[in-house]
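Please report on the backbone conformations, strand pairing and surface of this structure, with the cut-offs stated for each term.

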Amino acid sequence: MKFTSCSSSSELMFPSFEGLQCTNLNAVISKHILKVKKNNVKVSNCYAKRLFISSHLMPGHLEGLHTGKKQLEDAGQKLEFVRTLLIDNYDSYTYNIYQELSIINGLPPVVVHNDDLGWKEVCHYLYEENAFDNIVISPGPGSPACSADIGICLQLLLECRDIPILGVCLGHQVLHALGYVHGARVVHASEPIHGRLSEIEHNGCRLFHNIPSGKNSGFKVVRYHSLVVDAESLPNELIPIAWTSSSDLLSYLETQKSDIVLEAYESQKGQKSSFDSFSSKLKNGTSWPSRHTERMGNSKVLMGIMHSTRPHYGLQFHPESIGTSFGRQIFKNFREMTQDYWLRSRSSVVSERKRARFSFMGGKGGSLWKQVTFKLSHERRGGNLLIEDGQGCIRSIFLEDGFLDFLNKELLSLRYEEKDYEGLPFDFHGGYVGYIGYNLKVECGMASNHHKSSTPDACFFFADNLIVIDHHYDDVYIMSLHEGQTATTQWLDDTEQKLLGLKASAAKKFKVESPQPVTHSPSKAGFFAEKSREQYMKDVEKCLKLIKDGESYELCLTTQIRKRIGQIDYLGLYLNLREKNPAPYAAWLNFSKENLCICCSSPERFLQLDGNGILEAKPIKGTIARGLTKEEDEHLKLQLQYSEKDQAENLMIVDLLRNDLGRVCEPGSIHVPCLMDVESYATVHTMVSTIRGKKQSKMSPVDCVRAAFPGGSMTGAPKLRSMELLDSIENSSRGIYSGSIGFFSYNQTFDLNIVIRTIVIHEGEASVGGGGAIVALSNPESEYEEMILKTRAPVNTVLEFQKESVSNQVK
């Protein structure tokens with residue numbers, strides 16, 4: 001049996017054209033060409049087929065995860081050229097900017113007047129054609145309050161949140177417009193300044209990298225303007241980055257009397273900027289002034305501002321002027337910032353897409369299928385393992401060395417040839433799928449468990465027949481594993497016919513809905529809480545005292561809520577949960593012999609080991625609800641991003657994970673490509689970091705899990721002491737909650753989530769866990785509200801699904 005695999009490459013074609021004003025952008029914008037190449041791959045002990053299934057047959061998987069609008073393919077390289085859309089506000093200096101950008105970008109910009117294109121056309125070129133990497137807005141006469149003067153520029157600043165924009169050599173356009181659209185006042189300057197120079201002081205942001213600052217520094221700029229932004233009216237989302245004294249004016253010839261420019265540049269050439277990206281996050285302890293005007297003083301005039309979260313910059317002066325020092329350096333800095341912005345954005349998009357790109361489905365029936373169920377002994381070390389094969393035969397083994405040791409031996413005993421899987425774009429080729437319960441912490445350094453779990457402490461299937469869905473390319477793979485040279489294709493053939501026979505009308509179409517507030521509390525939904533509000537807040541106080549006494553830095557306190565639900569359609573419940581709370585690490589596991597079903601919509605990766613030996617953890621620390629309106633939602637997102645308490649939580653867990661991976665990774669390989677990024681889901685914003693490292697060759701996959709389990713985001717730090725303290729405070733075992741669901745592939749890769757946002761149904765009772773990290777800055781009432789927030793999506797899914805089921809029965 002053969003299967004077809006697909007690899008793709010894209011060519012970015014940059015046109016050669018003259019620098020003429022152009023309104024027909026189709027004639028000059030670059031295009032992405034996708035080439036598809038097919039290869040036949042021979043398979044020995046793995047038999048697989050690949051099907052092309054229309055996307056409407058498969059439910060969407062990432063509806064709630066914000067991954068950005070630009071979907072670019074090549075994430076590993078910087079842009080060779082930077083493509084700029086230059087907006088001409090009918091000014092006489094626009095083509096001076098054009099000449100500078102042509103040299104700096106390696107490609108002439110496309111110039112359009114501010115009223116040449118409608119908003120629909122602009123969106124088409126920016127977001128559908130992906131024709132431009134950044135936007136530069138020229139100077140111009142008039143006022144930003146006059147639509148005839150400003151044209152399309154205000155809408156660009158309002159709507160293009162994810163595209164770098166720089167307003168250069170402004171009369172009014174971007175510094176004034178950027179302030180104007182965000183509520184600042186644009187007023188007359190104390191006197192018009194035209195063709196005169198000022199010395200500029202700046203804050204060291206990356207736009208001014210390798211440019212000196214302050215009086216007698218040599219950084220002098222040419223000014224042409226009659227209007228200014230009132231600094232006292234500057235809103236919090238706009239940050240001053242440059243300013244000058246209103247009385248500090250020079251003529252051009254006065255600036256030529258000294259070579260101080262060159263001397264200042266050479267003295268500061270080696271200094272590094274405080275910024276490393278389009279960001280208001282500062283390094284080396286630098287911070288913004290508590291009030292924008294305090295640092296500037298009453299005599300200072302704003303010469304530059306930036307948006308706190310968008311890559312938008314505005315300058316009051318003219319960098320392209322012949323009299324401005326370091327003007328070309330500013331354009332060069334903006335080009336490099338644009339390159340880095342899209343490099344990070346594309347890497348993030350590819351990372352998000354890959355980690356939620358594939359769904360794996362499997363069931364009972366293959367010749368190698370089996371189920372292993374492990375329960376810890378509370379009388380002695382180890383525990384009891386039940387093994388059921390495909391024929392229903394069950395045998396029991398007592399594992400003195402525990403489950404992870406058993407799993408390690410099982411994985412190491414499996415053999416395969418890499419050529420069997422050449423061309424497959426995913427890492428899971430069959431193997432163990434299931435969960436590791438939180439109580440297996442006793443096999444990872446913890447001395448004992450204070451509470452016994454009512455559910456098995458680990459439960460896995462060995463999956464040998466698989467359906468794999470590629471959500472990116474809308475492909476479906478069917479795979480079957482066989483021992484030795486045994487050859488049978490019956491299951492593959494049958495499954496292929498069933499999939500090809502699916503009718504579009506039978507598939508449910510999932511819709512992306514705007515975030516809606518969740519109104520049902522757990523108690524109103526009929527759930528019984530292990531702890532009352534008052535008790536939970538008292539437990540937070542206990543944690544705060546332990547932290548104050550030096551017993552821990554951070555304690556992840558949790559609790560659970562429960563409800564009897566009896567027999568319902570568990571798969572339907574899961575699909576309902578996935579529709580309402582889509583997440584990249586969702587899972588549905590049904591262990592019928594244990595009367596156990598798990599409906600998981602986790603947004604958090606615990607640990608992954610890929611085929612290149614790279615380990616990755618993505619801990620979440622910091623969560624806030626989505627807003628009712630776009631404006632409120634953005635405000636809440638910013639509130640989370642700049643919360644000192646949430647940053648402290650996240651930082652401590654990042655350091656803990658770096659430590660855990662340090663046990664099994666090559667020295668020097670551990671790095672943090674994303675620190676405290678905010679990801680948005682259907683009901684919450686979360687703060688997520690990414691830690692990666694290269695696994696040491698001597699370490700097995702289970703060694704890596706043992707070094708880091710349980711996930712630090714669910715324990716706190718230091719991990720062992722924190723788990724001891726939490727065991728004494730919490731009322732019961734966490735069971736499956738706080739553990740991990742995922743796969744261990746027999747090609748020695750694995751991917752495991754953190755079990756959160758999950759409904760565990762055991763013997764007719766549904767339980768949902770929730771909690772949060774307690775740090776020195778925590779507030780008991782806020783911690784309780786955060787815990788409730790994290791349970792709401794699963795709780796409301798249960799309530800709404802039960803109501804829908806009753807309604808259908810009545811009908």
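P710 sits in the loop between α15 (701–708) and β33 (716–717), where helices (H or I, at least four residues) and strands (E, at least two) are DSSP runs, numbered from the N terminus. The peptide bond that leads from F709 into P710 is cis, with omega near -10 degrees. A cis bond with omega near -10 degrees also joins A717 to P718, and P718 belongs to the loop between β33 and α16 (719–729).

This is a predicted model, in which local features need pLDDT of at least 70 and side-chain atom pairs count only at pLDDT 80 or more, whereas totals for chains, interfaces and linings use all residues. Residues are numbered from 1 along each chain as its sequence is written, and side-chain values use heavy atoms, with hydrogens and water left out.

Two residues other than glycine have a positive phi, and the table gives the value and the loop for each.

| Residue | Phi | Loop |
|---|---|---|
| D474 | near 60 degrees | between β22 (465–470) and β23 (475–481) |
| N595 | near 55 degrees | between β26 (585–591) and β27 (596–602) |

For accessibility, buried means under 20% relative accessible area, exposed over 50%, and partly exposed in between (1.4 Å probe, protein chains only). D474 is partly exposed, with a relative accessible area of 32%, and N595 is likewise partly exposed, at 34%.

T683, in the loop between β31 (671–680) and β32 (684–694), counts as buried at 19% relative accessibility. The side chain of T683 makes a polar contact of 3.5 Å with the side chain of N581; such a contact is a pair of N or O atoms within 3.5 Å, and within protein one must be able to donate a hydrogen and the other to accept it, while residues adjacent in sequence count only if both atoms are side-chain atoms.

Strand β29 (residues 614–618) is mostly covered, since four of its five residues are buried. Strands are taken to pair if DSSP finds at least two bridges between them. By this criterion β29 pairs with β28 (residues 605–609) through three bridges, the two strands running antiparallel, and R605 has K618 in β29 as its bridge partner. The hairpin of β28 and β29 has four residues between the strands, and G613 takes a positive phi near 80 degrees there. Four bridges join β29 to β32, again in an antiparallel arrangement, and E616 stands opposite R692 in β32.

V672, which lies in strand β31, is partly exposed at 30% relative accessibility. Together, L651, V672 and L675 make a nonpolar surface patch of about 210 Å². Patches are made of residues with over 30% relative accessible area and no salt bridge, with like charges joined within 9 Å and nonpolar side chains (Val, Leu, Ile, Met, Phe, Trp, Tyr) within 5 Å; a salt bridge is a side-chain nitrogen of Lys or Arg within 4 Å of a carboxyl oxygen of Asp or Glu.

For the protein chain overall, the secondary structure comes to 17 helices and 37 strands, and buried residues make up 56% of the 811 residues. Among contacts (heavy atoms within 4.5 Å) between residues at least 6 apart in sequence, 78% join residues at least 24 apart. The accessible surface of the chain comes to about 34,500 Å², of which 49% belongs to carbon and sulfur atoms; accessible areas come from the Shrake-Rupley method with a 1.4 Å probe, and for residues only the protein chains shown count as cover.
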